[in-house]
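Visitor: Please take me through one strand in close detail. Start with the whole, then show what surrounds that strand.

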Amino acid sequence: PFPSPTPSPIVDADEERPPASPAPEAAVRPELLPAWMQEWMQSEQFARDRTALWVLGSTGVARRMDASALVAQAFGVEPGSGGVNRTFDRLRKMQLIEVLEVSEAPKGRGAWHLYRLSQKGEDAFRLLFGRDPALSQTTLLLNRHKSPEHVLLILAAADLFTEAGWKADPLPDPVPLPDGSRYEPDLVVVGETETLFVECERDTVKDETARSSKWQRCYHATQGNICIAVPDTKAMEAIRSEVLFWLSTQGLRKFRLRMMVVSSATPDSLWQYVREQE
């Protein structure tokens with residue numbers, strides 16, 4: 001009764017991000033580098049710092065938990081080891097990376113910080129490796145969603161779908177609608193039998209007019225097959241009430257509403273609320 005929307009091209013986020021590979025040889029002779037870089041190269045920690053900078057810059061990885069796993073792999077140690085943590089701390093103190101700490105994040109889904117190279121870090125990357133760094137997933141997502149908390153909710157929901165065997169795209173293309181407007185889902189996931197457009201919602205103060213327009217675009221793009229991921233049960237109650245009230249005011253009696261509570265969902269049980277009306 002609720003057909004899947006026409007899917008946009010999907011790339012699994014994990015497949016899209018290239019695996020960490022050995023850093024290339026130096027692109028610029030040491031004596032031609034800035035004085036601070038020459039001094040850095042003489043430090044005992046430089047080899048590890050250089051490797052971590054390569055991993056972060058060549059993959060564009062966003063979350064600390066993912067960056068830690070990739071850097072640990074390159075070091076040949078366990079993720080979250082002291083050596084990995086100390087390396088990240090040194091890069092931060094040298095202002096080569098920016099660390100965005102998050103005040104709210106779904107519980108039980110890992111360490112919640114976002115990483116990206118700073119401008120100084122990007123310049124150092126080019127001097128050391130002779131190429132531009134990859135696009136930062138942190139920057140791409142923040143350009144769309146503004147809030148680090150929202151970005152991390154999207155990535156946490158994507159993790160759950162991926163662990164359940166779906167392909168998840170946290171940077172999907174907009175969906176054109178017949179009236180000329182565009183629907184911009186937070187997440188698009190592709191399973192064996194259906195493609196879902198997923199909204200990731202937090203319990204925050206929102207503009208009612210903008211929200212009504214958002215749910216209208218969502219309803220038309222999904223043909224009433226509404227899927228929402230929220231961080232916790234409090235948010236689920238608030239967003240569920242909002243959506244059901246909007247549906248009733250619009251006289252829309254045919255819909256399927258599914259909601260994922262990221263803090264308690266598992267790959268075997270993605271949906272904590274399902275309501276369907278014909």
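Guide: What follows is a short overview, then a close look at one strand and its surroundings.

This is a predicted model: local features need pLDDT of at least 70, side-chain atom pairs count only at pLDDT 80 or more, and totals for chains, interfaces and linings use all residues. Residues are numbered from 1 along each chain as its sequence is written, and side-chain values use heavy atoms, with hydrogens and water left out.

The overall picture comes first. The protein has 10 helices and 10 strands. These are DSSP runs, numbered from the N terminus: helices are H or I with at least four residues, strands are E with at least two. Of the 278 residues, 47% are buried. Buried means under 20% relative accessible area, exposed over 50%, and partly exposed in between, with a 1.4 Å probe and protein chains only. The accessible surface comes to about 13,800 Å². Carbon and sulfur atoms hold 49% of that surface. Areas come from the Shrake-Rupley method with a 1.4 Å probe; for residues, only the protein chains shown count as cover. Among contacts with a separation of 6 or more, 64% link residues 24 or more positions apart. Contact means heavy atoms within 4.5 Å.

Now the sheet. Six strands form an open sheet in the order β3-β6-β7-β8-β9-β10, with mixed pairing. Its edges are β3 (167-169) and β10 (273-277), each pairing on one side only. Neighbouring strands are turned by 20° against each other on average, direction ignored. Two strands pair if DSSP finds at least two bridges between them. In general, strands of a sheet pair through backbone hydrogen bonds, either parallel or antiparallel.

The strand to look at is β7, residues 195-200. Take the β6 side first. β6 (187-190) runs antiparallel to β7, and 4 bridges join them. A hairpin of 4 residues connects the two strands. Val189 stands opposite Leu196 of β7. Now take the β8 side. β7 and β8 run parallel, joined by 3 bridges. Here Val198 has Cys227 of β8 as its bridge partner.

How many of the residues of β7 are buried? The count is 6 of 6, so the strand is largely enclosed by the rest of the structure. Both faces are covered. Thr195, Phe197 and Glu199 are buried on one side. Leu196, Val198 and Cys200 are buried on the other.

A helix also meets this strand. α9 (208-222) lies across β7, β8 (225-230) and β9 (255-261), at about 125° to β8. Axes are lines fitted to C-alpha atoms, for helices over the stretch in contact; angles run from 0 to 180 degrees between N-to-C directions.

Lys214 sits in α9. Its relative accessibility is 17%, so Lys214 counts as buried. Leaving aside neighbours within four places in sequence, Lys214 is in contact with Glu199 and Glu201. The side chains of Lys214 and Glu199 make a polar contact of 2.4 Å. A polar contact is a pair of N or O atoms within 3.5 Å; within protein, one must be able to donate a hydrogen and the other to accept it, and residues adjacent in sequence count only if both atoms are side-chain atoms. Glu199 is thus a buried residue of β7 with a polar contact to Lys214.

Further along the sheet comes α10 (233-249). This helix lies across β8, β9 and β10, at about 165° to β9.
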